[in-house]
Structure formats: structure tokens, C-alpha cells
Amino acid sequence: MHKAVGVSVDAMLEDLRTLVEVESPSRDLDALRASAKAVAAVIENRLGGRAVLVESEAGPHVRWSGGGDPKVLILGHHDTVFPLGTLERRPFRVEDGRATGPGVFDMLGGLVQAVHGLAALDDRSGVEILVTADEEVGSRSSRALIEERAVACGAVLVFEGAADGGALKTGRKGCGTFQVVVKGRASHAGLEPAAGVNALVEAAHQVLDIAALGRPEIGTTVTPTVASAGTLDNVVPAEATVVVDVRVESAAEKERIESAFAALAPHLDGAEVTVAGGIGRPPMPESAAAGLFALAQRLLPGLQAAAVGGGSDGNFTAALGVPTLDGLGAVGGGAHADHEYLVVDTMAERAHLVAGLVRALQEA
């Protein structure tokens, strides 16, 4: 693979420290504003030009363009799942070949590698960068912008962390969350329990019905994850709520699951069941990544591909038919966990891969 010049691991680690030390929990608008400014500053410092903050109800997204006809969208996010104060407990460190700290793998390391890979190119025309503020909470405020720029550019490189062993992500499940609310009727649990309608008992029936919808043999998982019910130990509960995580590999399964949730019916006389939510991220078919992955393999022989269960903004772009390759970010692991880490020795190689992919797309 042609090696782009000027990629410095020390400089990448310097920028990574800068971004990690500006904490950016999703939904914290003040923190996200500071984070967006930090991301914009890194982009402008390394690439020149102007990075624009796009205000939204979820916080500022960051956009940058290298000018010319758009040909490739560099896609990432700057929000993280970690609450303010995590940095104090788990500060940015580089030890034993690993960088650690909140967000290093998901996905600040990928952003830094992308920027430094682009910085090594003399020609950055046709390149757009979009770094969103709400990926970790569903991308509701950024989805339309993501889809607009993906279609305009015609190819998308997503800088989420790599799969196990450094594999690129060529397929992702569609994913979503449902909230099932059960309404019953309160009564005294000792004096007149029969006068009530027990929302907790109804919810138990619903959980069993919902769990039975899963078809893991074809990649469909339906997992009740959070439940709440009741007020006091001597009151028949009048309300219960169940939250359900769903993952699917096909559009047909998305339709089946959403129809099944819509058809949920109460078991107990007098109970009511309502459902909110849905599968917000469509499946990312492996066909969307085939051409780009073949190009990546030519640039970096031995590169592996993986289909994974987690979703990303690449699900949206791939569902539109736009060629999309994901997992180009940090090599490491521990996303959303305290042991999150990035393998430092892989940073330069991945930055070179960015440069090679972008150069090929510019010339296509």
C-alpha cells in the first residue's frame, strides 16, 4: 500500500488526549458544545479551512469540506456514553502500547486517525467530514443530515472502532428499542385484591410473549432489558413498563417484529397495553460494503471483514444504497466499558488506510 507521508503517532495521541479530556456525554448540551468546538479545532488545525458547527436539539454537529464535487463522506460522532466525572476516575493514559480513557475506542480514536490520514493528502477535494452529537442516543437530530450528505457524496467511510482483531465492519444488524406500557387498576392488596387489575402480572405475560418473538438462528434477538412496576408493597400495581432491545439482520424481520409489537394484546380483563418505539436503524447489508472492502483489502492485504450486532450511522447510509464501509476507526476494544482501549501501534496503519481509500475514491 502506498504510504501517505506525514502521519505522526505522537501528534495523533496529542489530538486524542485533547478530545478525550473534553468529556462529551450524550444529551449534555453544554458538554457537547465544548466537545464540538474541540473537534472543529482539531480538524481546522490539521486540515485547514473552516469546520462549521450545525446546531441541533441534541447538540452541535461538526461539518467540514475540502471543496470540489463531493465524493466521499467521512462519518463519525463526538458524543460518548460516559457521564461527566468519568475522566477523573479514568484519565487519558498511554501505557504498555495502549491508550485508555473515556471514548478512546468509541470513537474519538477513529476521528483522530481519519483527520490525520486526510492531512497526509496533498489534495483533499471531494472530501466531507460529518461528526454528529447524538449517535449514541439514536441519531434522531442528525439522521436527515447524514442521509443528505451520504447521497450527495456517493460513498461513506464510518470511523467507528474496528471489530475484533482489527476487522472492518461490513454488515450490521438493524436495531431499535420498544417501550411497552401496561395500564391496570390499583386496589388494596389485602382488603380487595380482586378489585384491581394487576399491571405487573400482565407485564409478566407480555415479557414471555415478547421474548418468544426472537429467532436467533436467523439473527433476530428480542431482549427485555428494563422493567418497572408498582408503587407500594400493599397496592395492586396500576402500571408497569417494559423496555425491549431488538436486533434484526433483514428488512423482512424488521417488518415482522414491528408488526408483532403492534399486535400485542392484554391477557387480563381490564388491562391495556400500548407500545412505543421501533427499529430505528435499518439493517446494514454486507452488499453495501463489498466494493469498498475489496478496495481496502488491496490497500492492506490480510484485512478481515466482520458482520456485527451493534448499529451505527452507517446503517442509515447503507439502507439508502450508498456504498458504506464501517469499522475504519480505532483497533482496540471495550466499547462502553471501563476497560475501553486503543492499540497505539495500529494508529499509523489505519491513518494510511484512510488516505489510500480517499485517494482511490477521488480518482474513481
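The following paragraphs describe helices, a buried aspartate, cysteines, enclosed spaces and local backbone features of a predicted model.

Residues are numbered from 1 along each chain as its sequence is written, and side-chain values rest on heavy atoms, with hydrogens and water left out. Because the model is predicted, local features require a pLDDT of at least 70 and side-chain atom pairs are counted only at pLDDT 80 or more, while totals for chains, interfaces and linings use all residues.

Helices (DSSP runs of H or I, at least four residues) and strands (DSSP runs of E, at least two residues) are numbered from the N terminus. Helix α1 comprises 12 residues, 9–20, and at 1.5 Å a residue its expected span is 16 Å, the expected span being 1.5 Å times one less than the number of residues; the end C-alpha atoms of α1 are 16 Å apart, in agreement with that expectation. At the N-terminal end of α1, S8 acts as a cap, with a side-chain oxygen 3.4 Å from the backbone nitrogen of D10. Burial is expressed through relative accessible area, calculated with a 1.4 Å probe on protein chains only: buried residues fall under 20%, exposed residues over 50%, and partly exposed residues in between. By this criterion, A11, M12, L13, D15, L16, L19 and V20 of α1 are buried.

In helix α5 (residues 143–153), the buried positions are L145, I146, E147, R149, A150 and C153. The cover over these buried residues includes strands β1 (52–54), β2 (61–65), β3, β6 and β7 (156–158), together with helix α9 (314–319). Helix α5 is followed by G154, which has a positive phi near 90°.

Residue D326 occupies the loop between β14 (324–325) and β15 (332–333), where its relative accessible area of 0% places it among buried residues. The side chain of D326 forms a polar contact, at 2.6 Å, with the side chain of R172; a polar contact is a pair of N or O atoms within 3.5 Å in which, within protein, one atom must be able to donate a hydrogen and the other to accept it, and residues adjacent in sequence count only if both atoms are side-chain atoms. When neighbours within four places in sequence are set aside, D326 is in contact (heavy atoms within 4.5 Å) with V158, E160, L168, K169, R172, M284 and S312.

A disulfide is a covalent bond between the sulfur atoms of two cysteines. A search of the whole structure, in which a disulfide was defined as a pair of cysteine sulfur atoms within 2.5 Å, finds zero disulfides. Two of the cysteines count as buried, namely C153 because its relative accessibility is 6% and C175 because its relative accessibility is 11%.

Pockets and cavities were located on a 1 Å grid over the protein atoms alone: a cavity is a set of points where a 1.4 Å probe fits but cannot get out, a pocket is an open set with protein on both sides within 12 Å along at least five of seven lines, and lining residues have an atom within 4 Å of a point. Grid points are joined across faces, edges and corners, and a volume is the space filled by probe spheres set on the points. The largest pocket holds about 940 Å³ of space. Its lining consists of 38 residues, of which E135, E136, C175, R247 and G311 are closest to the centre. Elements giving two or more residues to this lining are α4 (104–119), β8 (168–172), β9 (174–183), β10 (221–229), β11 (239–248), β12 (272–281) and β15.

Two cavities of 30 Å³ or more are present, and the largest of them contains about 80 Å³ of space. Of the 13 residues that line the largest cavity, I43, L111, V115, I129 and V131 lie nearest its centre, and α2 (29–47), β3 (72–77), α4 and β6 (127–132) each give two or more residues to the lining.

Several local backbone features were also noted. A cis peptide bond, with omega about -5°, joins D106 and M107, the latter residue being found in helix α4. Positive phi values occur in R27, at about 75° although R27 is not a glycine, and in H336, near 70° and likewise in a residue other than glycine. R27 lies in the loop between α1 and α2 and is exposed, with a relative accessible area of 60%, whereas H336 lies in the loop between β15 and β16 (341–343) and is partly exposed at 44%.
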